[in-house]
Each structure stands twice: as structure tokens, then as C-alpha cells.
Amino acid sequence: MKANKFFAVAMAALAMVACKPSGDEPTGDKLDLSKTSLSLMVGEEQTVEATVVADFTISDEKVAALTPANDGKSVKVKGLAKGSAFLTAKTKDGQSKTCAVAVVEEQQGGGAEVKGSKIWPILLDGQTFEANAAKVVADFRVDDTNRFLYVWENTYAKGDAKGKNFYGNKEGFTSLTVNAGPGWSGCGFFLDATNKEAYDALCKAIAADPENFYMHVAIKSTDNKAHLMYAFNKAENAAWAIGGNFEDNGKTYTSAGSFERDGEWHEFDFALAPFAAKIATVSMVPDDKGKVGANLVCFLSGGVGGTMLDIDAIYIYQK
């Protein structure tokens with residue numbers, strides 16, 4: 001499962017729409033439009049108003065779509081694809097006005113600087129990675145060859161990864177939804193044995209300078225569920241409850257931070273110092289299927305079907 005491909009953009013080609021008020025006769029009033037030109041990004045929507053009832057059409061329905069108001073005196077224009085078109089308003093008595101519509105591609109955020117002087121990225125889009133390449137000590141991002149994102153026992157399904165990622169670009173983020181039925185959920189960013197040297201070096205670096213190492217994660221949601229994030233195979237209970245208390249195997253983890261459930265991105269920085277001594281002793285071991293490696297970061301989201309787990313910008317950094 002590739003974290004950076006958990007997103008989709010859907011655009012429907014809409015036919016030319018005309019709004020034809022029934023029973024309305026020409027008033028003789030002058031037709032004017034609130035805008036004579038309109039610039040939109042792909043996916044953006046704006047409203048154009050008319051002074052009298054009119055029929056609205058667009059010259060190229062592949063560029064923009066129209067949604068006329070019920071009263072026939074305004075229309076919503078939505079950008080569909082890069083290009084130009086003309087919005088035309090026409091009254092029954094023959095008056096006509098046009099509005100030039102220009103649709104541009106949505107701008108990328110990209111180039112954002114991550115925290116720290118050195119980083120070990122786990123979930124980071126390519127654009128941000130390249131902008132911070134000089135800081136990267138080891139790349140632990142998913143490649144489905146030596147580094148994987150595993151969903152355990154089908155406990156999550158693919159989520160709805162719409163919108164921009166934490167850094168404001170469209171390269172996507174990891175979006176999962178808890179499946180109903182199993183009664184639990186879990187996933188892990190797994191490193192196989194080919195990453196052992198880089199993994200061991202990171203553990204030793206944290207032990208040598210514990211006060212300056214942090215785990216960064218961004219999360220967003222519109223539900224009120226809590227999640228548990230843990231690292232280094234939960235070395236010395238290296239775990240953080242996000243968004244509320246979380247119980248796992250009889251242990252209650254007190255919330256390490258709350259966030260607004262507004263569908264916007266929120267970030268956390270968790271200190272690794274309390275777990276540094278134990279992290280230094282963590283080594284890669286065989287999992288239950290005999291595969292040698294380590295779960296560098298894992299998430300649990302409980303067993304309530306439909307719980308959202310939208311995460312991004314996961315990296316370890318040294319100040």
C-alpha cells in the first residue's frame with residue numbers, strides 16, 4: 001500500500017445547463033452582470049449575478065460547469081479544467097451579456113521546510129522531501145520493496161483522501177477508515193532487514209542526544225475518535241494517545257494532545273527523550289511470519305467502524 005497514492009481527484013463532465021424560468025415574461029429592465037470576467041482555479045466555485053431573469057450557458061462545458069439559481073438571476077460557475085470559456089446570459093426579450101471565464105490549475109504548496117537540522121522521513125510527499133533533501137539522514141518512506149505500510153488483518157479500508165496534504169500540495173496523504181467487524185484496528189510502517197544499518201544508527205543517535213530528538217506527525221479528522229501512535233516497537237511504552245485517552249491491552253494511555261475536529265491539518269511534536277535509553281537497545285526481530293524487521297511507527301484507531309485516520313508529515317527530527 002503506497003501512502004502517497006491515497007488520494008483521488010474526481011471531475012465530472014457536465015452538459016451545458018440552461019435555466020429557463022417558466023411563466024416569467026420580459027420586464028424590459030436592463031440586463032447587466034455582476035462580473036464581466038472571472039478567474040477560477042480547478043475545483044473553485046464563484047457566483048455571477050444578473051440584474052434580471054436570464055438563461056445562462058457556458059461555451060465550453062469541459063472548462064466550467066454551471067448551476068443556475070432557482071430564481072434565474074444568478075449562477076454558480078465551477079472550474080473543471082484549465083482553459084477559457086464564455087458565460088452568456090440571455091433574456092427572453094433578446095438582451096445578452098457575456099462574462100469571460102479563465103480556469104487555471106490549482107497551485108501547489110510545495111517547498112515547505114520541515115523542522116530540525118536532520119530528519120528521518122517516514123511519511124513525506126516527494127515535493128517536500130526534495131525541498132529538504134539536505135537534511136535527510138535516512139529515507140524510511142514507503143517504497144513497497146523494503147519499506148511498507150501494512151494494514152493488519154484487514155482492520156482498515158482505504159479512506160477518502162481528498163484535498164491537500166499537510167504541506168498544501170496535491171501529492172496526497174495516508175487516509176484509512178476502520179472496518180466494522182474486527183473490533184480493533186492497526187497498521188504499521190515496517191522496515192525490513194535491508195534497513196537495519198540505518199535503523200540501528202538512528203537508535204544510537206537518539207540515545208546519544210535524547211533531548212533534541214522528536215517525532216512529528218500531522219493529523220486531521222471530523223469525528224471525535226482517539227488514536228494511539230507508537231514507535232520503535234513500543235520501546236518502553238513509546239506511545240502517544242492523540243485526540244483523547246486510548247486503551248490498549250488493558251493499559252490506558254492518557255491523551256498527549258487534542259485537536260480540533262474541523263477537517264483541517266493539525267501537527268504534533270512528541271519528545272523521544274523519555275524512551276531514549278530503551279530505544280538504544282531495540283533491534284530488528286522476526287515478526288509472527290518470520291519476517292525480520294521493525295515497525296518504526298504504528299497506529300491503532302479502536303474498533304468503531306468508520307473511524308477516520310488521516311495522517312501525513314511523519315518524520316523523526318533532531319534539532
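Trainee: How many salt bridges does a search of the whole structure find?
Mentor: Keep in mind that this is a predicted model. For a pair to count, a side-chain nitrogen of Lys or Arg has to come within 4 Å of a carboxyl oxygen of Asp or Glu. Searching the whole structure that way, the total is 8.

Trainee: Take K97 and D32: how many residues apart in sequence are the parts this pair ties together?
Mentor: The two side chains meet in a salt bridge, 3.7 Å from N to O. K97 belongs to strand 7, residues 96-104, while D32 sits in the segment before strand 1, so the parts tied together are separated in sequence by 65 residues.

Trainee: And is K97 buried, partly exposed or exposed?
Mentor: Buried would need a relative accessible area under 20%, and exposed would need over 50%. K97 has 32%, and its partner D32 has 30%. Because its value is 32%, K97 is partly exposed.

Trainee: Where does E267, the partner of K115, lie?
Mentor: The side chains of K115 and E267 make a salt bridge at 3.6 Å, N to O. K115 is in the loop between strand 7 and strand 8, and the pair ties together parts 152 residues apart in sequence, since E267 lies in strand 19.

Trainee: Which residues are linked with K115 in a network of salt bridges?
Mentor: One of them you've just met: E267, which is partly exposed at 38% relative accessibility. K115 is partly exposed as well, at 31%. The network links K115 with E267 and D269.

Trainee: R147 forms a salt bridge with D143; is R147 buried or exposed?
Mentor: The closest N and O atoms of that pair are 3.4 Å apart. D143 counts as partly exposed, at 24% relative accessibility. For R147 the relative accessible area is 15%, and the cut-off is under 20%, so R147 is buried.

Trainee: On to the rings. How are F268 and F270 arranged as an aromatic pair?
Mentor: There are 12 aromatic pairs in the count. In this one the centres are 5.7 Å apart, with 10 degrees between the planes. Planes under 30 degrees apart count as stacked, so the F268 and F270 pair is stacked.

Trainee: What about Y315 and Y317: stacked, tilted or edge-to-face?
Mentor: Their centres are 5.8 Å apart, and the planes make 50 degrees. Stacked needs under 30 degrees and edge-to-face over 60. Because 50 degrees fits neither, the Y315 and Y317 pair is tilted.

Trainee: Which residues form one aromatic cluster with F268 and F270?
Mentor: F268 is buried at 9% relative accessibility, and F270 is buried at 5%. Besides these two, the cluster takes in W240, F259 and F275.

Trainee: Which residue lies over the face of F259?
Mentor: A charge over a ring turns up elsewhere too: K234 is over the face of Y230, 4.6 Å from the ring centre. For F259, the charge sits 4.1 Å from the ring centre and belongs to R261.

Trainee: How many residues are in the largest nonpolar core?
Mentor: Members that touch the most others include F189, M215, M229 and I314. Setting aside its neighbours within four places in sequence, I314 is in contact with residues including P121, L123 and V297. Another core lies apart, with 21 residues, V52 and I58 among them. The largest core has 45.

Terms used. Residues numbered from 1 in each chain as written. Predicted model: local features only at pLDDT ≥ 70, side-chain atom pairs only at ≥ 80, totals over all residues. Heavy atoms only, no water. Phe/Tyr/Trp six-rings, centres within 6.5 Å; stacked < 30°, edge-to-face > 60°. Buried < 20%, exposed > 50% of the residue type's maximum accessible area, 1.4 Å probe, protein only. Lys NZ or Arg CZ within 6 Å of the ring centre and 35° of its normal. Core = buried A, V, L, I, M, F, W, Y, C linked by side-chain atoms within 4.5 Å. Contact = heavy atoms within 4.5 Å. Helix = DSSP H or I, 4+ residues; strand = E, 2+ residues; numbered from the N terminus.
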